[in-house]
Amino acid sequence: MNSTPFELGPIRPVDEAESLLIRTTRGCPWNRCEFCVNYKGMPFSMRSLDEVKRDIVAAAKYYGDETFETCFLQDGDSFLMKTTELVALLTFLKQTFPKLKRISSYGRAQTMIRKSVQEMQAICQAGLNKLYCGMESGSDKVLKKVNKGATAADISTSSRRAKDAGMSISEFIILGLGGQELWEEHARETAKVLSEINPHFIRVLTIGVKPGSGLHRQMEAGEYTLQTEKNIIEEQRLLIEDLNGITSHYANHHAVDLLMEVRGQFPQDKSRLIAILDRYLSLPEEDRIHFTLGKRLGIYQRLDDMGTAHLHKQVSAKLLKIRASYSDKLEEVFHDLRSQIV
Ligand code: SF4
């Protein structure tokens, strides 16, 4: 139930925590990706231009003197709006909130690809200048397996078109999405497509399979096998190693990611990022398990935290307890903890 006099959708990107939220569509028109439960049970609907304008006016009254420099358009697919209507909405939004410097939205490849270069330019010029694109993988095999409804070529073309129109592009990648079956293909093909696009931002998110999702059913049917935490880091190492010719900012940015310190600017930080992954991979097995549990429990934030005596003691005590009941199921424990926060 909204406590605001205008509609709010259920989610927004991590980077939009301080932004004004304006809802243009409800739910996701696809709603069939095997890993996603964001809009499960929510029927998709478009909102009319008049309805959204009324919300913009209501938001301006509600926030009064509070000024926003950033705005995020919720929910899953603003590009389904007719270009003329989207341009009119953006123009009205900027008139009502004149301090806005950035307006962003999710960018679904399947919808964006239907807009011409000229339409994308008009939308960007009207104010929509940042897109969060759920690329997830650059492998057609993985995209098909998770029923993304888009090919790697669609993703590459639509993202490059938006970028050429002047928009800032943030690509989301899901580490571990290929499972044990396709992890190497997932890493290599994703790096290939990212190197083609050269997005402004690459944001990775570690898989946590949600009960009720299609991927969970695949897992139970033995069609998708979770990787170990170590293997997901090996996958990330291969992904980074294969990223070439890009100038993107790369980040592990969600609490579900194991090594939050793996973030930096390409190309100059590439070897530093690989060195952090190698530091984890070269830990003695016991230390690796210890750190992984500490991070999954939220006690550690970074590898260096293992050097803090009281935190180390706390994690050791937890590990002892968990081992007593789940000694041969630690990877399942790690995954359970991941899926609770993703
Ligand atoms: S991942 Fe995106 S496109 Fe896929 S179902 Fe979820 S919201 Fe829709």
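This passage walks through a few strands, two helices and one glutamine of a predicted model.

A good place to start is strand β5, which covers residues 102-106. Four of its five residues are buried, so the rest of the structure largely encloses this strand. β5 has a partner in strand β4 (residues 70-74), to which four bridges join it, and the two run parallel. Within this pairing, cysteine 71 has isoleucine 103 of β5 as its bridge partner. β5 also pairs with strand β6 (residues 128-136), again in the parallel sense and over four bridges. Here isoleucine 103 stands opposite leucine 128 of β6. Isoleucine 103 can therefore serve as a landmark when tracing these strands, being the partner of cysteine 71 and facing leucine 128. Helix α2 (residues 83-96) completes the picture, forming a right-handed β-α-β unit together with β4 and β5.Next comes glutamine 110, which belongs to helix α3 (residues 109-112). Its surroundings hold 18 other C-beta atoms within 10 Å, and glutamine 110 is partly exposed. Beyond the neighbours within four places in sequence, glutamine 110 is in contact with Trp30, Gly149, Ala150 and Asp154. Leucine 73 lies 37 residues away from glutamine 110 along the chain, and the C-alpha atoms of the two are separated by 18 Å.

Helix α7 (residues 179-197) is not straight: a bend of about 35° occurs at glutamate 185. Its buried residues include Trp183, His186, Leu194 and Ile197. The buried residues of α7 pack against helices α5 (140-145), α6 (152-164) and α9 (229-242), and against strands β7 (168-175) and β8 (201-206). After α7 comes asparagine 198, with a positive phi near 50°.

Helix α13 (residues 330-341) offers a simple check on length. Its twelve residues, at 1.5 Å a residue, should span 16 Å, and the C-alpha atoms at its ends are 17 Å apart, which agrees. Phe334, His335 and Arg338 are buried in α13. Viewed down the helix axis, these buried residues fall within an arc of 95°, so they line one face of α13. Glu332 and Gln340, on the other side of the helix, are exposed. The packing partners of the buried residues of α13 are β8, α9 and α11 (285-296). Both β8 and α9 also appear among the elements packed against by the buried residues of α7.

Notes
Residues numbered from 1 in each chain as written. Predicted model: local features only at pLDDT ≥ 70, side-chain atom pairs only at ≥ 80, totals over all residues. Bend = angle between axes of the 7 residues up to and from the residue. Buried ≥ 20, exposed ≤ 12 C-beta atoms within 10 Å, placed from the backbone. Contact = placed C-beta atoms within 7 Å. Expected span 1.5 Å × (residues − 1). Arc of directions from axis to C-beta. Pairing = 2+ DSSP bridges. Right-handed = clockwise from strand over helix to strand, strands pointing away.
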